[in-house]
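Thank you all for making the time this morning. I would like to walk you through one structure, and I ask that you keep the sequence and the model in view while I talk.

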Amino acid sequence: MQIDILTLFPSLFDSVFSQSIIKKAVDKKIVKIKITNIRDFSEGRHKTVDDKPYGGGAGMIMMTPPIVKAIEFVRSPKRLRRVKSQKIILLSPQGKVFNQKKAKELSKYKHLIFICGHYGGVDERVLKFIDEEISIGDFVLTGGEVPAMAVVDAVVRLLPHVVAKSDSVENDSHWAGCLASSVYTRPYNFRNLKVPEVLLSGNHQKIKKWRKENARRTTLLKRPELLKGN
Ligand SMILES: C[S@@+](CC[C@H](N)C(=O)[O-])C[C@H]1O[C@@H](n2cnc3c(N)ncnc32)[C@H](O)[C@@H]1O
């Protein structure tokens, strides 16, 4: 998979993408991540990328031309060898709210392009050049960079051979429509809080059954609405 991120703040991605699972996926060449500075596609001496809103009002709005030119650059055939499936996504608080189902869907693409807005958002005409708007929740952040990191992380960990054991993402919350079961590690007894005995029994059938029941109980307790229809 190739992921292109278009942003005005490339260095924000440095630490998040150079550690842990994403770094491993990049090192194993499972994913290629490129960060492109939208400012490189602005015109004029001052490299302007934003301007005052028409009609007045607060905040600066990101201009259409640099964003569209950056999209055209990352899509250019010279840069990419035969990309079969491609999706251009604008991170926006106005998009559909991201979830695990969307992460699974995006993990099937060969090329994802993420556009990070900033300031007062992007000129409405940018929407004509994208496939989809994605939000990470009903709140407003300063920029699309943190949402892009969240979406990229969720997608990359679903790519084959990224997470060590092939079944571990399948045991995660939201994979099968409910939450994951409770987990414990050493010490066995912490201030008289003990690990459930069944997990020490060595009986794999019993442990499997306990985990299934525990996942259902946890979901019922914390997110009962997820079980509707199950
Ligand atoms: C301050 S916000 C602009 C919000 C815009 N004025 C509005 O009310 O819709 C700047 C940028 O942050 C990003 N952003 C903010 N909240 C987001 C969210 N919940 N999900 C995804 N992106 C978000 C978007 O890229 C947006 O263009």
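I will begin with the whole chain and then turn to a helix, a pocket, a buried threonine and a few backbone details.

Please bear in mind throughout that this is a predicted model. The protein has six helices and nine strands, and its C-alpha trace spans about 70 × 40 × 35 Å along the principal axes. Of its 230 residues, 38% count as buried. If we take the contacts between residues at least 6 apart in sequence, 73% of them join residues at least 24 apart.

Let me turn to helix H3, which runs over residues 64–75. Does its length agree with what one expects of a helix, and why? The 12 residues, at 1.5 Å a residue, should span 16 Å, and the end C-alpha atoms lie 17 Å apart, so the two values agree. The buried residues of this helix are Thr64, Pro66, Ile67, Val68, Ala70, Ile71 and Val74. What covers them includes five strands, namely E1 (2–7), E2 (32–37), E4 (61–62), E5 (86–97) and E6 (111–116).

Next comes the largest pocket, which has a volume of about 750 Å³. It is lined by 22 residues, and those closest to its centre are Asn171, Ser181, Arg211, Lys212 and Ala215. Sorted by class, the lining has nine nonpolar residues, eight charged ones and five polar ones.

Now for a single side chain, that of Thr219, which is found in helix H6, residues 204–222. Is Thr219 buried or exposed? Its relative accessibility is 0%, and because anything under 20% is taken as buried, Thr219 counts as buried. As for what surrounds this threonine, if we leave aside residues up to four places away in sequence, Thr219 touches Cys178, Leu179, Pro224, Leu226 and Leu227. With one of these neighbours there is also a polar contact to point out, since the side chain of Thr219 reaches the backbone nitrogen of Leu179 at 3.0 Å.

The loop between helix H5 (145–156) and strand E8 (189–190) deserves some time as well, and Pro160 has its place there. Pro160 counts as exposed, because its relative accessibility is 57%, where the cut-off for exposed is over 50%. Pro160 and Ala25 are 135 residues apart in sequence, yet in space they are 9.6 Å apart, C-alpha to C-alpha.

His161 is found in the loop between H5 and E8 too, and although His161 is not a glycine, it has a positive phi of about 70 degrees. His161 counts as exposed, with a relative accessibility of 66%. Pro187 also belongs to the loop between H5 and E8, and a cis peptide bond, with omega at about 5 degrees, joins Arg186 to Pro187.

One more backbone detail concerns Tyr119, whose place is in the loop between E6 and strand E7 (132–135). The phi of Tyr119 is near 55 degrees, again a positive value in a residue other than glycine. How exposed is Tyr119? The relative accessible area of Tyr119 is 38%, so this tyrosine is partly exposed.

That is what I wanted to show, and I am happy to go back to any part of it.

Key:
Residues are numbered from 1 along each chain as its sequence is written. This is a predicted model: local features need pLDDT of at least 70, side-chain atom pairs count only at pLDDT 80 or more; totals for chains, interfaces and linings use all residues. Side-chain values use heavy atoms; hydrogens and water are left out. On a 1 Å grid over the protein atoms alone, a cavity is a set of points where a 1.4 Å probe fits but cannot get out, and a pocket is an open set with protein on both sides within 12 Å along at least five of seven lines; lining residues have an atom within 4 Å of a point. Grid points are joined across faces, edges and corners, and a volume is the space filled by probe spheres set on the points. Ala, Val, Leu, Ile, Met, Phe, Trp, Tyr, Cys and Pro count as nonpolar, Asp, Glu, Lys and Arg as charged, and the others, Gly among them, as polar. Helices (H or I, at least four residues) and strands (E, at least two) are DSSP runs, numbered from the N terminus. The expected span of a helix is 1.5 Å times one less than its number of residues. Buried means under 20% relative accessible area, exposed over 50%, partly exposed in between (1.4 Å probe, protein chains only). Contact means heavy atoms within 4.5 Å. A polar contact is a pair of N or O atoms within 3.5 Å; within protein, one must be able to donate a hydrogen and the other to accept it, and residues adjacent in sequence count only if both atoms are side-chain atoms.
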